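Trainee: I would like a close look at a single part of this model, the middle of its sheet. Please describe that part and what packs around it.

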Amino acid sequence: LPVGQDDLIATLRRLQPSADRSLPRVLHVEDDSDLQAMVAELGRGMAQFSSAATLADAQRALAAQEFQLVLLDISLPDGSGWDLLESLNQLENCPPVVVFSASPVGGEDAQRVQAALLKSRTTEVEVLATLKRLLGQDESAEVTPSA
């Protein structure tokens, strides 16, 4: 019996090591595709990254699967990232949220999230340390939010 190409590919994928499937999932809500790619590359091997460029994309992603962390930009094409917090808070397992935005976060807003990083003042090392700390992969990482 000949085997179809799709069946062969599906079988090979099932046989591949499933290391990526055991990694925590991070939803990066960001409309800058270059920044999405940079963060995903930075965290490769530490987490699986899914990207959403809009609030609507983020809502669909959250409805489709569970995430262990949300990396959230505030300025999005279809609204404010703060609007997504209401949806996140209604989830049975609400993931930690890191705001990674061009706008400073302060006051009550800073208390609504686990960390707030300012894009212009945060190094790649700080982003990586924050992700590791909140994903429980580096207990010694002491990162303070950039203001």
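Mentor: The account below begins with the whole chain, moves to one strand and its neighbours, and ends with the last helix.

This is a predicted model, so local features are taken only at pLDDT of at least 70 and side-chain atom pairs only at pLDDT 80 or more, while totals for chains, interfaces and linings use all residues. Residues are numbered from 1 along each chain as its sequence is written, and side-chain values use heavy atoms, with hydrogens and water left out.

The chain has 7 helices and 7 strands; these are DSSP runs, helices being H or I of at least four residues and strands E of at least two, numbered from the N terminus. Their order along the sequence is α-α-β-α-β-α-β-β-β-α-β-α-β-α. Of the 147 residues in the chain, 38% are buried, where buried means under 20% relative accessible area, exposed over 50%, and partly exposed in between (1.4 Å probe, protein chains only). Among contacts with a separation of 6 or more, 58% are between residues 24 or more positions apart; a contact means heavy atoms within 4.5 Å. The accessible surface comes to about 8700 Å², and carbon and sulfur atoms account for 48% of that; such areas come from the Shrake-Rupley method with a 1.4 Å probe, and for residues only the protein chains shown count as cover.

The strand to look at is β3, residues 69–72. L69 and L71 point one way from β3, V70 and L72 point the other way, and all are buried. In a regular strand the side chains alternate between the two faces of the sheet.

Two strands are said to pair if DSSP finds at least two bridges between them. β3 pairs with β1 in the parallel sense over 4 bridges. Within that pairing, L69 is the bridge partner of V26, and L71 is the bridge partner of H28. β3 is also joined to β6 by 3 bridges, again in a parallel arrangement, with L71 standing opposite V98.

β1 covers residues 25–29, and 4 of its 5 residues are buried. It is joined to β2 (residues 48–52) by 5 bridges, and these two strands run parallel. V26 stands opposite F49 in β2. The chain passes from β1 through helix α3 (residues 33–42) to β2 in a right-handed β-α-β crossover, meaning that, with the strands pointing away from the viewer, the path from the first strand over the helix to the second runs clockwise.

V70 shows what one face of β3 packs against. Its relative accessibility is 0%, so V70 counts as buried. Leaving out residues up to four places away in sequence, V70 touches L27, V29, L88, P95, P96, V97 and V98. The C-alpha atoms of V70 and V99 are 8.3 Å apart, although 29 residues separate them along the chain.

A nonpolar core is a set of buried Ala, Val, Leu, Ile, Met, Phe, Trp, Tyr and Cys residues joined through side-chain atoms within 4.5 Å. The largest one here has 21 residues, and L27, V29 and L84 have the most contacts inside it. Two or more residues come from each of β1, α4 (55–64), β3, α5 (82–89) and β6 (97–101). L84 touches V29, L55, A58, Q59, L62 and L72, again without residues up to four places away in sequence. Another core lies apart from this one and has 16 residues, including V26, A47, L131 and L134. In soluble globular proteins, nonpolar side chains tend to be buried together.

L131 and L134 lead to helix α7, whose buried residues are V127, A129, T130, L131 and L134. The cover over these buried residues includes α3, β2, β3, β6 and β7. T130, in α7, is buried, with a relative accessible area of 1%. A polar atom of the T130 side chain lies 2.8 Å from the backbone oxygen of E126. T122 lies before the helix, in the loop between β7 (115–118) and α7 (124–134). T122 is also buried, at 12% relative accessible area, and a polar atom of its side chain lies 2.7 Å from the backbone oxygen of L118. After α7 comes G136, whose phi is positive, near 75°.

Conventions:
A polar contact is a pair of N or O atoms within 3.5 Å; within protein, one must be able to donate a hydrogen and the other to accept it, and residues adjacent in sequence count only if both atoms are side-chain atoms.
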